Amino acid sequence: MKGKAMAKKAKKPLKKVTVRSASSVGHSYVVGRAYLIRSVTHYYVGRLVAVTATDFVLADASWVADTGRFHDCLRTGSLNEVEPFILPVIVSRAGVIDATEWTHHLPREQK
């Protein structure tokens, strides 16, 4: 019986995982979405308006000096210290550690 039960389990198809292919554009970012980007020296939050071979361009962007507790920042959108840029900012892709979509309002006031 064990052999037949195992054979039935083996016939079930594996659960499919949907993965967004980035091969056509060469990156995993979506222009138009907001991101919190962690670089080697700073955090940035803003709306991605362009991706080049070497840079990201963020509009309505801010330099985040202090996120507070990182999980709380991601969950609630609360940031302890923020310095908004006046014009779009160019961030080098070479210095990016990681990034996540930012689903909260983009801070436009100094804090």
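Author: A residue is called buried if its relative accessible area is under 20%, exposed if that area is over 50%, and partly exposed in between. The model discussed here is predicted.

Reader: What share of the residues in the chain is buried?

Author: The chain has 111 residues. Its accessible surface comes to about 8000 Å², of which 57% belongs to carbon and sulfur atoms. Of the residues, the buried share is 27%.

Reader: In what order do the elements of the chain run from the N terminus on?

Author: The chain contains 2 helices and 6 strands. Read from the N terminus, their order is α-β-β-β-α-β-β-β.

Reader: Among contacts between residues at least 6 apart in sequence, how many, as a percentage, join residues at least 24 apart?

Author: One pair that links distant parts of the chain is Tyr43 in strand E2 (residues 43-51) with Phe70 in helix H2 (residues 70-76), which are 27 residues apart. Across the chain, the share of those contacts that join residues at least 24 apart is 54%.

Reader: Which element gives the largest share of the largest nonpolar core?

Author: This core has 10 residues: Tyr35, Ile37, Tyr44, Leu48, Phe56, Leu58, Ala61, Val89, Val91 and Val96. Two or more of them come from each of E1, E2, E3 and strand E5 (89-92). The largest share, 3 residues, is given by E3.

Reader: How many residues does the other core have, the one that includes Leu36, Val45, Leu79 and Leu106?

Author: In soluble globular proteins, nonpolar side chains tend to be buried together. Here, another core lies apart from the largest one. Leu36, Val45, Leu79 and Leu106 are among its residues, and their full number is 9.

Reader: Along E5, which residues point to the face that is buried?

Author: The side chains of E5 alternate between two faces. Ile90 and Ser92 point to one face and are not buried. The residues that point to the other face and are buried are Val89 and Val91.

Reader: Which residue in E5 is the bridge partner of Val57?

Author: E3 and E5 run antiparallel and are joined by 4 bridges. Within E5, the residue that partners Val57 is Ile90.

Reader: Leaving aside residues up to four places away in sequence, which residues does Val91 touch?

Author: Val91 belongs to the largest nonpolar core, as do Tyr44, Phe56, Leu58 and Val96. Beyond its sequence neighbours, Val91 touches Thr54 and Asp55 together with Tyr44, Phe56, Leu58 and Val96.

Reader: What kind of aromatic pair do Tyr29 and Tyr35 form?

Author: The whole structure holds 4 aromatic pairs. In this one, the centres are 5.4 Å apart and the planes meet at 70°. Planes over 60 degrees apart count as edge-to-face, so the angle places the pair of Tyr29 and Tyr35 as edge-to-face.

Reader: Is Tyr35 buried or exposed?

Author: Tyr29, Tyr35 and Phe56 form one aromatic cluster. At 22% relative accessibility, Tyr29 is partly exposed. The relative accessible area of Tyr35 is 4%, and therefore Tyr35 counts as buried.

Reader: What kind of pair do the rings of Tyr43 and Phe70 form?

Author: Their centres are 6.0 Å apart, and their planes lie at 35°. Planes under 30 degrees apart would count as stacked and planes over 60 as edge-to-face. Because 35° falls under neither heading, the pair is tilted.

Reader: Which residue lies over the face of Phe70?

Author: With a relative accessible area of 28%, Phe70 is partly exposed. At 4.8 Å from its ring centre, the residue over its face is Arg38.

Reader: Which residue other than glycine has a positive phi near 50°?

Author: The residue is placed in strand E3 (residues 55-66). Its relative accessible area is 42%, so it is partly exposed. The residue with this positive phi is Asp60.

Reader: Which residues are in contact with Ser39, leaving aside its neighbours within four places in sequence?

Author: Ser39 is found in strand E1 (residues 34-39). Its relative accessible area is 12%, so Ser39 is buried. Its contacts beyond those neighbours are Tyr44, Gly95, Val96 and Ile97.

Reader: What distance separates the C-alpha atoms of Val82 and Asp66?

Author: Val82 lies in strand E4 (residues 81-84) and, at 2% relative accessibility, is buried. Not counting residues up to four places away, Val82 touches Ser62, Trp63, Pro107, Glu109, Gln110 and Lys111. Val82 and Asp66 are 16 residues apart along the chain, and their C-alpha atoms are separated by 7.2 Å.

Conventions
Residues numbered from 1 in each chain as written. Predicted model: local features only at pLDDT ≥ 70, side-chain atom pairs only at ≥ 80, totals over all residues. Heavy atoms only, no water. Phe/Tyr/Trp six-rings, centres within 6.5 Å; stacked < 30°, edge-to-face > 60°. Buried < 20%, exposed > 50% of the residue type's maximum accessible area, 1.4 Å probe, protein only. Lys NZ or Arg CZ within 6 Å of the ring centre and 35° of its normal. Contact = heavy atoms within 4.5 Å. Areas by Shrake-Rupley, 256 points an atom, 1.4 Å probe, with all protein chains shown as cover. Core = buried A, V, L, I, M, F, W, Y, C linked by side-chain atoms within 4.5 Å. Pairing = 2+ DSSP bridges.
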